[in-house]
Each structure stands twice: as C-alpha cells, then as structure tokens.
Amino acid sequence: MRAVRLHEHGDADVLQVDEIDRPEPAANELVVEVAAAGVNPVDTYFRDGSYEPVDVPFTPGVDVSGVVTAVGDAVDGFAEGDRVYGTGIGNGGFQGSYAEYATIPTDRVVHLPDGTDLTEAGGAGVVAVTAWRALIDHAGLEPAEYCLIHGGSGGVGHTAVQIGAAVNARVITTAAEEYHDALADYGAETVLDYGRDDLADAVLAASDGGVDAVLDHRLDDYLQFDADVAATGARVVGIGENSPDPGFTNDGAARSKDVSYQFMSMFNTPDLRVPLRGVAHLMNTGALSIDVARTYDLEEAADAQRAVMDESFLGKLVIEP
Ligand SMILES: NC(=O)c1ccc[n+]([C@@H]2O[C@H](COP(=O)([O-])OP(=O)(O)OC[C@H]3O[C@@H](n4cnc5c(N)ncnc54)[C@H](OP(=O)(O)O)[C@@H]3O)[C@@H](O)[C@H]2O)c1
C-alpha cells in the first residue's frame, strides 16, 4: 500500500510517499481502508519532533474514517465492512492515517451512522472531540448561556460554534470578515472580527455584560482578555497558545469574578468513544457539519501540513488517499 512517511524529523519536505506492506491488526485493533484523514496542527508537531519524538519511519495522521478490512483476535463489536471513524491521538505505535490503510485500537473508534459523510467524519476526530470536551465536559455549557469561541473559522472553532449552538447556548465567536456569514449560518449569534480594536467592548455588549464560558486556543493573546470579558463564575477552557508563556497583566479581574480556568489536552479524554459517539450523533442529525475546505492526495501531504499551519481557511483540511 502507499503511505506517507517521514524518515527523519524536520519541516514538511521530509514527508514522502513509500510503498509498504499493508498493516496487520494487533489483538485489540482494526485495520481501516482510509476514506479520509484529517490534517491537524498536532500532526506537524509529531513531524518536526516538537511534541513527542516518534520512532521513524513514521506515518502521520491521527484522525481517520473508512471501512474496516480486518479485525484483531480480541475485537468484539466490529466486523469487516463496518463504516467507522475515530482518532488515534496520543499514538506513535499504530499505522497512521496518511495512508491507504491505517490501524486503530477499538477504544478510539466508533461506528458511523449510514447517512454520515466519510470525508467529513475523517476530519472530525481531534477538532470535534476537543470542542466537545471543552464545552460540554469542562465548561458544562448550558442553554441560554453566553459562550465566547475565539477563532470560530478554525477546525476546533467551527465545530465548537456548532456544538455551542446545538445546546442552545448563545454563541459569540471571532473570525476574519470573510467567514462571518458562514459562522452565522452555523449558529453563531454574534460574529466579530478578531482584529478590531474594541473587541472586548464588543463582546461585553453582545453578552449583556459578560460571557459564561470561553474556548481559548491562543492563551498568550487572550488569557487576560478572557478575564476582562468574563461574567461572574465564568469558565475558561484553554486548549493552546502560540508562545509558551501566557500570563495575566491583571489577575484581579479573574479573581474578582471567581473565574475558573481549565487547561486541557484531548488525549486525556477518559473514554474517547463517548465524545466520538456524541459527535457522530450530531453529524447524523445535521446539527454538526465538518466544513471540508480542501482535500489533498497522499503526494500532497507536505502542502496540507504547510497549509494547516500557515494558511487561512474555514473548517478542515483532509487527505483522501
Ligand atoms: N489542547 C488540545 O487538546 C487541542 C486539541 C486540538 C487543537 N489544539 C490546538 O488548538 C489550536 C487550533 O487548532 P485548529 O485545529 O482549530 O487549528 P486551525 O484550523 O489552524 O485554526 C486556527 C484558527 O485560529 C484563527 N486565528 C488566527 N489568529 C487569531 C487571533 N488573533 N484570534 C483568534 N483567532 C485567530 C485562525 O483564523 P485565520 O484563518 O483568520 O487566521 C484559524 O481559524 C492549535 O494551536 C492546536 O494545536 C489543542
């Protein structure tokens, strides 16, 4: 089969397509004929070695959708021909999904309802599970609460907007102007340009004086901002930053409003099948779409990884082997 592999850590140019043997499943694994593999920032961290150095040669790709072609000896509940999707985040040991066939343990994969699109599902794993964990599990978002989602056009952002809308929260999100109409269609009540000088005032005006929950993927930019726009008792969930030293200039703003900060990594999810099933249900009922901005073939994996870090798009980039 064809698989994208890196033989040394480095920039995107280290990715090449190799002809290798089709994988065999371990006892608790499925082999999946890959329909689609989401391209995530974390794939680039595995590639460049900044996240967690991996043994090479290594195939990137943690998100997968497709059809089961083989099941391990100890597998229960899956059979050849099943349509599945999942996320092997935290791996290093499985056959990655930038390939014609991937392996995934059964605790990281679920069945896909018949009407659910395989290409969308291949891009759903990391981003939608992260949004679900942040808003449902950590923020405990409730109907009619104000929820601020920074960067609503991103992979995580556009799923978070829809999950927030699905629980009938009042979603405020930020994005470049060109994505405002689409994000309103996805259920955002207010969409604001993240570049505007009066962003805090605009968020306060849109939320009757303060938001109840925040999803923040750029803590170095917004840690203080989140406290400034928080309502009393707000919950802020932090999932990322661009520089490693986010800090407050006035932590009193957070203290005076009893703001809770929860930092999370989706690979700590106790049982990934729970949010994966929740996301599958929302996709099946039409409450959640994965907006596939661009698709790439295996030979274009380097372009896809450059684009996910450097280019602007709405939704997800997906590799279709
Ligand atoms: N902790 C976890 O478990 C976890 C899980 C998933 C992802 N993450 C992290 O979360 C981040 C987002 O991931 P992703 O897959 O959603 O990436 P993505 O698809 O590249 O989205 C990033 C978004 O940030 C927006 N953005 C750029 N500058 C901004 C600003 N100043 N204010 C607000 N938004 C801004 C971008 O908009 P433009 O297109 O307009 O530039 C884009 O929509 C990454 O750092 C990733 O590593 C963490």
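Q: How many Å from an oxygen atom of the ligand does a polar side-chain atom of Tyr194 lie?

A: A polar contact is a pair of N or O atoms within 3.5 Å, and here a polar side-chain atom of Tyr194 lies 2.8 Å from an oxygen atom of the ligand. This is a predicted model, in which local features need pLDDT of at least 70 and side-chain atom pairs count only at pLDDT 80 or more, while totals for chains, interfaces and linings use all residues. Residues are numbered from 1 along each chain as its sequence is written, and side-chain values use heavy atoms, with hydrogens and water left out.

Q: Which residues come nearest to the ligand?

A: A residue is near a molecule if one of its heavy atoms lies within 4 Å of it; of the 22 residues around the ligand, Tyr194, His217, Tyr222, Met266 and Ser312 come nearest. An N or O atom in the side chain of Tyr222 is 2.5 Å from a nitrogen atom of the ligand.

Q: Where is Pro57 found, and is its peptide bond from Val56 cis or trans?

A: Helices (H or I, at least four residues) and strands (E, at least two) are DSSP runs, numbered from the N terminus. Pro57 is found in the loop between helix H1 (41-48) and strand S4 (63-71), and the peptide bond that leads to Pro57 from Val56 is cis, with omega near 0°.

Q: Is the phi of Asn168 positive or negative, and where is the place of this residue?

A: Although Asn168 is not a glycine, it has a positive phi of about 65°. Asn168 has its place in the loop between helix H4 (155-166) and strand S9 (170-174).

Technical notes. A polar contact is a pair of N or O atoms within 3.5 Å; within protein, one must be able to donate a hydrogen and the other to accept it, and residues adjacent in sequence count only if both atoms are side-chain atoms.
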